Amino acid sequence: MHMEDSNGNEVEKSVQWSALHTRYQHESKVEALLTAKGFETFLPTYESIRQWKDRKKRISEALFPGYLFIADVSRRRLQVMTTPGVCAIVCVAGTPATIPGHEIDAIRRCVSDPVKVAPHPYLRGGDLVQVQSGPLAGVAGILVRMKDSCRLVVSVEILGRAAAVEIDASCVKKTNWGRPLNPGQAPDAGSAS
């Protein structure tokens, strides 16, 4: 988010992202209502194919069912909580939990191609990698092998939720992702394949 200071210079303002817990399948309605109230929101979605007896249909679903991200909620909590469909603001010790900007950015980049992204069970183990090239360059996550492809799992730790996006294993490099290295392991040692 950009703002101008008293001299007319553009200044970068740090956005504090939080998560809202919504009623079942009300994520889109809540997003529309909050956007109309002037809030900056982010609802990551993905496309899936649903099959009925007589047809198949491609539908857009919430990547994290029951959750929606909202910027700078602390100042206007009452307006958020009185919005129909909002159950709660995800809090830690009574204060809206802040979701790191790099996690929001990683999810934004993953959902930019909604056909390839899908919900994934939250993981703690696995190879920690960072994408080196392509549209997801710089995004960090966990590399998981599924059938004949690799997926990059991007997590939102505060929610205990994750999303997976298909990726070429040759585009990633192993990293410690801010966690302690194993004894004798060099930083960024080797590439994941």
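A residue counts as buried under 20% relative accessible area, as exposed over 50%, and as partly exposed in between. The exercises below apply this to a predicted model.

**Exercise 1. Classify His-102 as buried or exposed, and locate it.**

Step 1. The relative accessibility of His-102 is 52%.
Step 2. The cut-off for exposed is over 50%, so His-102 counts as exposed at its 52%.
Step 3. His-102 belongs to helix 3.
Step 4. Across the chain, the C-alpha atom of His-102 is 9.9 Å from that of Gly-138, with their positions 36 residues apart in sequence.

**Exercise 2. Find which residues of helix 3 are buried, and on how many sides of the helix they lie.**

Step 1. The buried residues of helix 3 are Glu-103, Ile-104, Ala-106, Ile-107 and Cys-110.
Step 2. Around the axis they span an arc of only 160°, and therefore they sit on the same side of helix 3.
Step 3. An α-helix has 3.6 residues a turn, so residues three or four places apart point the same way.
Step 4. The partners of these buried residues are strand 3, strand 4 (41–42), strand 7, strand 11 (117–120), strand 14 and strand 15.

**Exercise 3. Describe the nonpolar cores and name the elements that build the largest one.**

Step 1. The chain has three helices and 16 strands, and 39% of its 193 residues count as buried.
Step 2. The largest nonpolar core contains 34 residues, and Phe-69 and Ile-107 have the most contacts inside it.
Step 3. Two or more residues of this core come from each of strand 3 (17–22), strand 7 (67–71), helix 3 (101–110), strand 12 (127–131), strand 14 (149–156) and strand 15 (161–167).
Step 4. A second core, separate from this one, has 12 residues, including Leu-68, Val-73, Val-86 and Ile-89.
Step 5. In soluble globular proteins, nonpolar side chains tend to be buried together.
Step 6. For contacts in the chain with a separation of 6 or more, 60% join residues 24 or more positions apart.

**Exercise 4. Two loop residues, Phe-64 and Val-139, are to be assigned as buried or exposed. List what each one touches.**

Step 1. Phe-64 is in the loop between strand 6 and strand 7.
Step 2. Phe-64 counts as buried because its relative accessibility is 2%.
Step 3. Beyond its neighbours within four places in sequence, Phe-64 contacts Pro-44, Phe-69, Ile-107, Val-156, Arg-161, Ala-162 and Ala-163.
Step 4. One of these partners, Ala-162, is 98 residues away in sequence, yet the C-alpha atoms of Phe-64 and Ala-162 are 7.7 Å apart.
Step 5. Val-139 is in the loop between strand 12 and strand 13 (140–146).
Step 6. With a relative accessible area of 4%, Val-139 is buried too.
Step 7. Not counting residues up to four places away, Val-139 touches Ala-106, Arg-109, Val-129, Gln-130, Val-131, Leu-152 and Val-154.
Step 8. For Val-139 and Leu-152, 13 residues apart along the chain, the C-alpha separation is 9.2 Å.

**Exercise 5. State how many salt bridges the structure holds, and describe the exposure of residues in three of them.**

Step 1. The structure holds four salt bridges.
Step 2. Among them is the pair of Glu-47 and Arg-58, at 3.5 Å from N to O.
Step 3. This pair links distant parts of the chain, with Glu-47 in strand 5 (residues 45–51) and Arg-58 in strand 6 (residues 56–62), 11 residues apart.
Step 4. Glu-47 is partly exposed, at a relative accessible area of 30%.
Step 5. Asp-54 and Arg-55 form another salt bridge, with the closest N and O atoms 3.2 Å apart. Asp-54 counts as exposed at 62%, and Arg-55 as partly exposed at 44%.
Step 6. Arg-75 and Asp-72 also meet in a salt bridge, at 3.6 Å from N to O. Arg-75 is exposed at 61%, whereas Asp-72 is buried at 14%.

**Exercise 6. Glu-27 is buried yet has no salt bridge. Determine what its side chain reaches.**

Step 1. Glu-27 lies in helix 1 (residues 27–36).
Step 2. The nearest side chain of opposite charge is that of Arg-161, 7.7 Å away.
Step 3. A salt bridge needs a side-chain nitrogen of Lys or Arg within 4 Å of a carboxyl oxygen, so Glu-27 has none with Arg-161 at 7.7 Å.
Step 4. The side chain of Glu-27 instead reaches the backbone nitrogen of Gly-66, at 2.5 Å.
Step 5. Apart from neighbours within four places in sequence, Glu-27 contacts Thr-22, Leu-43, Ala-62, Pro-65, Gly-66, Tyr-67 and Leu-68.

Terms used: Residues are numbered from 1 along each chain as its sequence is written. This is a predicted model: local features need pLDDT of at least 70, side-chain atom pairs count only at pLDDT 80 or more; totals for chains, interfaces and linings use all residues. Side-chain values use heavy atoms; hydrogens and water are left out. Helices (H or I, at least four residues) and strands (E, at least two) are DSSP runs, numbered from the N terminus. Buried means under 20% relative accessible area, exposed over 50%, partly exposed in between (1.4 Å probe, protein chains only). Lys and Arg count as positive and Asp and Glu as negative; His and the chain ends are not counted. A polar contact is a pair of N or O atoms within 3.5 Å; within protein, one must be able to donate a hydrogen and the other to accept it, and residues adjacent in sequence count only if both atoms are side-chain atoms. Contact means heavy atoms within 4.5 Å. A nonpolar core is a set of buried Ala, Val, Leu, Ile, Met, Phe, Trp, Tyr and Cys residues joined through side-chain atoms within 4.5 Å. The arc is that of the directions from the helix axis to the C-beta atoms.
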